Amino acid sequence: MLITFLFVAVTAKLVYIAAVSAGSLRVKALEQWYRDVPIRAERGAISDRNGVALAKSESAYTLYARPVEIPLKEQAARILSEKLELNYARLKEKLNSKSSEITLKRGVTKEKMLEIIDSGVPGIYVSEDLKRVYPYGDFLTQVLGFTSSDVVGQTGLERYLENYLKGVDGAVLTASDLVGRRLPDGETYYREGVKGADVTLNIDANIQSIVENAVKRAMLNHSAKGVGAIVMECDTGAVLAMAESPSFDLNAVPRDDVSLLLEVSRPKLISDVFEPGSTFKIVTSALAIEAGLVNDEKRYYCGGSVTVDNQKIRCWRAKGHGSQTFTEGVKNSCNCVFVQAALELGLDRFYDGMEAFGVTEKTGIELPGEGTGLTIPKGSVKNVDLARIGFGQAVAMTPIELLSASCTAVNGGYKVTPKLVAKIEDESGILYTCGSDKGKRVISESTSKTLRAMLEAVVLEGSGKNAAVDGVRVGGKTGTAQKYEDGKIARGKYVSTFIGFAPADEPKYIALFMVDEPVGAYYGGVVAAPYVGEIYQNMFEYLGYMS
Amino acid sequence: MIIVPAVALSLLGLVMIYSASSYSALLSYGDRFFYVKKQLLGLIPGLLMMYFGYKFPKERLKKLSGWLLAASVILLAAVFIPGLGQTSYGATRWINLGFITFQPSELAKFALALFLAKRYASKPPRSAKDLIVPFAAVAAVLALIMAEPNMSVTLAIAASVLLITVAAGLDNKFIVVLTIFALAAVPALIIAEPYRVRRLLAFLDPWENPRDEGYQLIQSYYAIGGGGFFGRGLFNSRQKYLFLPFAESDFIFSVVAEELGVPGCLLVIALFIVFIYAGIKTAYLQTDAFRRLAAFGMTAVIAVQALMNIAVVTGSVPPTGLPLPFMSAGGSSLMVFLTAAGVIAGFQKREPSESHNRFGSS
């Protein structure tokens, strides 16, 4: 009785395993029953707004054979030589040789590779060679970024969008024994992967090309340490172009010198902060106008310098600008006017304003390693510091933060987030589209309008004359900042910038151009402004604004 | 009636051994029939021995049982003689006679059953004093087997001994005491050898240590689960490709489950149950105490071992290495089991010379 009962109990357990747990057990066991050789999913392509491919994947396969695993050598040689266009006699000889593994063919397409796998010839092994190709070479380099040799994104968008681009790997599964030997009559099958998502950027390859040219020429003309430029849509924040020099060909990444590579592959326009100088007066002006501190009757006096907290702050023009209106002060880029404006605004309004304009936080652009603006902690700001911040000193930010804040100042007063990516799409559909919602309002429409007129005057009559373009109204602001090294002013080292928008009355585009450490001339109006003019000239021609 | 299931199981075993071992045998020995041939070397003499056991006069068997046990003990001890004993998987259990390896414990368990039958027939276990001599013999055998070490056979023999002793008329209160004693022995053994604790845990959750303690059981689960209710079909085992360790011996039942599914397993279990009931019925019909206890004891040895093997393979008890009687690969083991089956069958026929027994019915 007892024995029968125990047998029944054991049988019950057996049936439970065989019937109830079978499914989950089989799933676990599959892992050991098949040896899988991964087939990498095709990495998604990156293209510009018009579908021009900027980064794409190419994969090829190498086929191997293990002669010992091929019993019918003549038949195998016939099938393989036919499908792979190989010499039959030579292949047969190789298959009859004693070598453990022979290479059949390199650079085989995926379709061909699958055809061979399906042909049923045993003992065939596959390896995949992946390649990332950048059709334009040195183009949008820091933004696109590059991949490692096994095609994993390392910098730029390639890294930022890795999870979208990579897809899901497939595999060739081979029934095998415990140590991975293929079973005598073991089946092999192919598990399809999922292709990585394709990314469409807001970048316009034509505009990018115009900007790349301007950047490269500025680099040469001024023997600069570096040059960078961004063109953005005022309403949406869509980044149309972003170029930096020095740069390199993405198809030939200079991996030998790691520190150099880190330096040239870093998108400094979004990662590195700098003291903007006079271009920051755009923000101070917007705050002063918004606060109602500016009117046409009010006069400001510049005697070449102003003293705050017993410290003498110089205007760039040693003999001074005399008595001016605020508009004239902007046009002349007079430091004394902005010292007064900043002091009138006061610490609270100024710091709140900087925060509202977003120069103290990351913009959120889709790139790894974005930097954040630096300000003196509010509690430690003395009047003299506030006075300097008014004209863009004692404050630091990334070029993209400065451009975004300037965009807010002129686009009617609402915040924008710079956006590189327009759309991400895979076989299942659209995964992401960049919105066109306006950000929150920072200043009023009328403040923005007043400021646009002032900044147009800068290009028409003031320091930004070189940015003027026939037939297009351009507004903008120059900037020339002395560089600091180890906390002291570095003599003769400047960052020259120009921020320009067009058309000036109803801005559609805003551009930043910066030249780092130009040799010779260094005023933003001379070194940076002309390139913005040139970019707009070519851009508007391309866009069909000018006949 | 007892011969049919024994032979059927042996033949089915031969087929399953081929299926389970053809791949590994080809790899290791270059001959896919390697284990099948070895098994045939046990099966054919085994069938002759079965006939011999059937014909062997049981009165002489009774007289010889003491000597048989003595021989078993000597052989068990001989395992430890260097050059004679053979060590595999960390245990010294085999005697290598050159042409065949032999596990003395296989013989010892039946010798012990016969010895106890003879002893209890003349001195039924009525008091503690009556148990001294039998248990001394048991202790000697078990001590030697444990020294090999072979925990599973030790437990199997202990269980069989208990069954025989109970069948011999052991008092109820002794049954309780002995059961408690046996249960108490298990933790004591576990404490003595901590690797058994890990084995015990492995049986509860094999996935905790899937590469070590849990490995065998997981592979057995994969076999049974992979086969599903109806199995993959004969010769289609997936687990025999080196995944399932000892597929042709201790885990032959897993291969049956994988290839023949639940129906195949039920067939095997049914054959064992037929065998066991035939054995018990044979014992029941005996008028002579020795014959009754010997038939019962030998049946019990096989029943316990079959049950334990299947319980291990299905993860119902902690894993121990115990072959499935008649089916698992192992020529000497098969020979002994077939001989035992022959002896049990021999009790079924009346032997004219023994029609008047000396002890009368009990």
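**Stop 1: the sheet in chain B**

Start with chain B, where 3 strands make an open sheet in the order 1-2-3, paired antiparallel. Keep in mind as you click around that this is a predicted model. Select strand 1 (85-88) and strand 3 (101-102) of chain B: these are the edge strands, and each pairs on one side only. Now add strand 2 (residues 91-96) of chain B, which is joined to strand 1 of chain B by 4 bridges, the two running antiparallel. For one rung of that ladder, show B:Thr87 and look across to B:Thr92 in strand 2 of chain B, which stands opposite. If you switch on the backbone, remember that strands of a sheet pair through backbone hydrogen bonds, either parallel or antiparallel.

**Stop 2: chain A from a distance**

Hide chain B and bring up chain A in cartoon: there are 19 helices and 21 strands to find your way through. Colour by burial and you'll see that buried residues account for 53% of the 547 residues in chain A. The outside of chain A exposes about 23900 Å², with carbon and sulfur atoms supplying 50% of that area. As for contacts in chain A between residues at least 6 apart in sequence, 72% of them join residues at least 24 apart.

**Stop 3: the N-terminal end**

Select A:Leu2, which sits in helix 1 (residues 2-20) of chain A. Buried or exposed? A:Leu2 is exposed, at a relative accessible area of 56%. Add A:Phe5 and A:Leu6 to the selection and you have a nonpolar patch on the surface: with A:Leu2 they offer about 310 Å² of accessible area together.

**Stop 4: the five-stranded sheet**

Next, pick out strands 10, 9, 21, 20 and 19 of chain A; in that order they form an open sheet of 5 strands with antiparallel pairing. Strand 10 (239-245) and strand 19 (475-485) of chain A stand at the edges with a single partner strand each, so one side of each has no neighbour in the sheet. Tilt the view: neighbouring strands here are turned by 10 degrees against each other on average, direction ignored.

Zoom in on strand 19 of chain A and its antiparallel partner, strand 20 (residues 488-502) of chain A; 10 bridges join them. One position to click is A:Tyr484, whose bridge partner in strand 20 of chain A is A:Ile489.

Now for the helices on this sheet. Helix 16 (residues 399-410) of chain A lies across strand 9 (226-233), strand 10, strand 20 and strand 21 (509-516) of chain A, at about 145 degrees to strand 21 of chain A. Select helix 19 (residues 529-543) of chain A as well: this one lies across strands 9, 20 and 21 of chain A, also running at about 145 degrees to strand 21 of chain A.

**Stop 5: a glycine in strand 9**

Stay with the sheet and select A:Gly228, in strand 9 of chain A. A:Gly228 is buried, with a relative accessible area of 4%. What does A:Gly228 touch, not counting residues up to four places away in sequence? Its contacts are A:Val215, A:Ala243, A:Glu244, A:Leu269, A:Leu512, A:Phe513 and A:Met514. For a distance label, try A:Ala214: 14 residues from A:Gly228 in sequence, and 9.5 Å away C-alpha to C-alpha.

**Stop 6: salt bridges**

Over all chains, the structure holds 28 salt bridges. Side chains of opposite charge can pair when their charged atoms come close.

First up are A:Glu158 and A:Arg43, with their closest N and O atoms 3.0 Å apart. A:Glu158 is in helix 7 (residues 156-160) of chain A, and A:Arg43 is in the loop between strand 1 (34-39) and strand 2 (46-47) of chain A, 115 residues apart. A:Glu158 is buried at 0% relative accessible area, and A:Arg43 is buried too, at 4%. Widen the selection to A:Arg132 and A:Glu162, and you have the salt-bridge network that links them with A:Arg43 and A:Glu158.

Go back to helix 19 for A:Glu534, whose side chain meets that of A:Arg217 in a salt bridge (2.1 Å, N to O). A:Arg217 belongs to helix 9 (residues 205-221) of chain A and A:Glu534 to helix 19 of chain A, so the pair ties together parts that are 317 residues apart in sequence. A:Glu534 is partly exposed, at 23% relative accessible area, as is A:Arg217, at 34%.

Finish at the edge strand you met earlier: A:Lys483 forms a salt bridge with A:Glu517, the closest N and O atoms being 2.8 Å apart. A:Lys483 is in strand 19 of chain A, while A:Glu517 is in the loop between strand 21 and helix 18 (524-527) of chain A, 34 residues apart. Both A:Lys483 and A:Glu517 are buried.

Terms used. Residues are numbered from 1 along each chain as its sequence is written. Chains are lettered from A and ligands numbered from 1 in the order in which they are written. This is a predicted model: local features need pLDDT of at least 70, side-chain atom pairs count only at pLDDT 80 or more; totals for chains, interfaces and linings use all residues. Side-chain values use heavy atoms; hydrogens and water are left out. Patches are made of residues with over 30% relative accessible area and no salt bridge: like charges are joined within 9 Å, nonpolar side chains (Val, Leu, Ile, Met, Phe, Trp, Tyr) within 5 Å. Accessible areas come from the Shrake-Rupley method with a 1.4 Å probe; for residues, only the protein chains shown count as cover. A salt bridge is a side-chain nitrogen of Lys or Arg within 4 Å of a carboxyl oxygen of Asp or Glu. Buried means under 20% relative accessible area, exposed over 50%, partly exposed in between (1.4 Å probe, protein chains only). Two strands pair if DSSP finds at least two bridges between them. Axes are lines fitted to C-alpha atoms, for helices over the stretch in contact, and angles run from 0 to 180 degrees between N-to-C directions. Contact means heavy atoms within 4.5 Å.
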